[in-house]
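Q: Could you take me through one part of this protein up close, starting with a single residue and working outward from there? I'm new to this, so plain language would be great.

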Amino acid sequence: MRFLRVISLLALVAVLLGWTAPATATATVTAVGGRLVDEYRSVFGTPGVAAAVIDGSSVETTVRGRDGDGNAVTARTRFRVASMSKSMTATAIMLLADRGRVSLDDPVVKVLPDFKMADPRFTGITVRQILSHTSGLSISTNNEYVFPPPRGAREVVAGLADKTLAAAPGTHAEYHNTNYSIAARIVEVVSGKSFDAFLRTELFTPLGMTDTGSTLGCSDQAEGLTSGYEVVLGVAVAAPEMPGFCVGNGGVISTLDDMVRWLRFNQGTLGTGLLSAASLAELHTAQPNAGGYALGWQVRPVTADASPLLIGHGGTLATWTGDMVFSPRRGVAALVLTNGGGDPSLLSGNLVAERIGSPETPMSNPLTMVNAILLGLTAGMAALLVTVAVRARRWAARRRAARRPRLVPRLVPLALVTVLGVVLPTPIWGEFSFHYWIVTAWLMPLLVIFCLTCSVLGAVALGRRLWCLRRAGQAVSAPVPGGAPS
């Protein structure tokens, strides 16, 4: 059918546009760390970056760009650290373990009596398993992207009462943020303090992390925190963060200076009396059946196909990303905080690789091609559907005059395009839910614009053709005025 052939042609043109999109030039500076930071900003269009490399007793920092208010980024600019918060939640549990208040191999129900699920296997979930993402909790049985999101760890735990597990506890690893909200609730119940208060008094203040705190929601306002950015094809727009529950799993807000202290603590060179050496080592040890995940940390190679030499963890929200990594053998660590999307693990890994003499990983942004394709498809689809709507009257007249109108083959493609616009985000998330439309709008705005173009203009074009076809039929069947004389 001609309509489908045109769509295929548009897709091919868009793909070619994506493949031939010119690479952004990288800046050249004297300092290697600065060079890598500037290259990263050039590739991903990141408005603001704060980075540090720790080598023994020395710390080298690089700050670039602007915050959400347009001010220059400094080492004391506040960033959401997203899932890097998990390392702090796990440490909070370890502090309680060192004090004999909880054990990693305690069943969660022992320390959290209100924890209930509609699956008898939940009673076997241990504290270690929620910290290593081997609890059996899964996005397939527990949708974490509900709107409005729950407010606080108590509400997250209560929301599990009618949920089931996707696997037996301890048998399968699946990264699932809810695990760490359960851990935050354990901290609250065992300590008798709010999760934020415990982190501040028992962890951040002793380490001198005076500009660090946490929020319950991912989009909650906080003192000194400006907005992050949505970045599409190099265009950065300050935007609010997507609503979501971040307590325990991603709600910490910090600065470059404070996060350097956090890395030094994990390297064992700061706050040595805060946590036992055995507990600190356990935090960085890959757990059983966890696929390289430790407790709030991950075991990583320096480069692809290399043996694991690094301990790290990244953080990703819609408008904030970051990464931290350190080498226990070399004493080198790197930290990256950004106020936009991207892949900061590339930058942190390269900062460490440069320092220890390993090959750097080329930095590229796959979303550049994807967004170029989506932009081309959106423009082409909009032009096509508007043309179909404008020419609907002429099309209807031809169909009414044809001996074989073949209406269904000419209307079905428009119906398919309309439906495509509604359900296109579904394959990304594995199920149809309008909640995922909201998530997609934050993470891939051009995909949502393409979907809206298909659904809205597709429905208009289809409706216009049907209306014009009906009007053309009425004109044909109308009686001729007057008549022959009798």
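A: Let's start with D258. Skipping the residues within four places of it in sequence, D258 is in contact with G208, M209, T210, D211 and T212. Keep in mind that this is a predicted model. D258 itself sits in helix α9, which covers residues 256-267. One of its contacts can be pinned down to atoms: a polar atom of the D258 side chain lies 2.8 Å from the backbone nitrogen of D211.

Now, does D258 have a charged partner, or none? It has no salt bridge even though it is buried, and the nearest side chain of opposite charge, R261, is 5.0 Å away. The cut-off for a salt bridge is 4 Å, so a distance of 5.0 Å doesn't make it.

Stay with helix α9 (residues 256-267) for a second, and look at T91. T91 touches W262 and F265, along with L203, L275 and L283, again leaving out residues up to four places away in sequence. T91 belongs to helix α3, residues 85-98. Its relative accessible area is 0%, so T91 counts as buried. There's a long jump along the chain here too: T91 and L295 are 204 residues apart, yet their C-alpha atoms are separated by 8.4 Å.

Next, the cysteines. The whole structure has one disulfide, and it joins C218 to C246 with an S to S distance of 2.0 Å. C218 is in the loop between β4 (213-214) and β5 (228-232), while C246 is in the loop between β6 (235-239) and β7 (252-254), so the bond ties together parts 28 residues apart in sequence. The torsion about the S-S bond is about 95°, which means the disulfide is right-handed. Both ends are tucked away: C218 is buried at 6% relative accessibility, and C246 is buried at 1%. Compare C451, which is in no disulfide; the nearest cysteine sulfur belongs to C454 and is 6.6 Å away. C451 is buried as well, at 0% relative accessibility.

D258 had no salt bridge, so where do you find some? By the rule used here, there are 18 salt bridges. One of them pairs R355 with E60, at 3.1 Å from N to O. That pair links distant parts of the chain, with R355 in helix α11 (residues 344-356) and E60 in strand β2, 295 residues apart. R355 is partly exposed at 25% relative accessibility, and E60 is partly exposed at 45%. The two also belong to a network of salt bridges that links D55, E60, E354 and R355.

Another salt bridge is E282 with R128, where the closest N and O atoms are 2.9 Å apart. Here helix α10 (residues 277-283) supplies E282 and helix α5 (residues 127-131) supplies R128, 154 residues apart. E282 is partly exposed at 24%, whereas R128 is buried at 19%.

Let's finish with the strands around that network. D55 stands opposite V332 in β11. Strand β1 (residues 48-55) has seven of its eight residues buried. β1 runs antiparallel to β2 (residues 58-65), with eight bridges joining them, and A50 stands opposite V63 in β2. The two strands form a hairpin with two residues between them, and G56 in the turn has a positive phi of about 65°. β1 also pairs with β11 (residues 332-338), antiparallel again, over seven bridges.

Notes. Residues numbered from 1 in each chain as written. Predicted model: local features only at pLDDT ≥ 70, side-chain atom pairs only at ≥ 80, totals over all residues. Heavy atoms only, no water. Disulfide = S-S within 2.5 Å. Helix = DSSP H or I, 4+ residues; strand = E, 2+ residues; numbered from the N terminus. Buried < 20%, exposed > 50% of the residue type's maximum accessible area, 1.4 Å probe, protein only. Lys, Arg positive; Asp, Glu negative; His and termini not counted. Polar contact = N/O pair within 3.5 Å; in protein donor to acceptor, adjacent residues only side chain to side chain. Contact = heavy atoms within 4.5 Å. Pairing = 2+ DSSP bridges.
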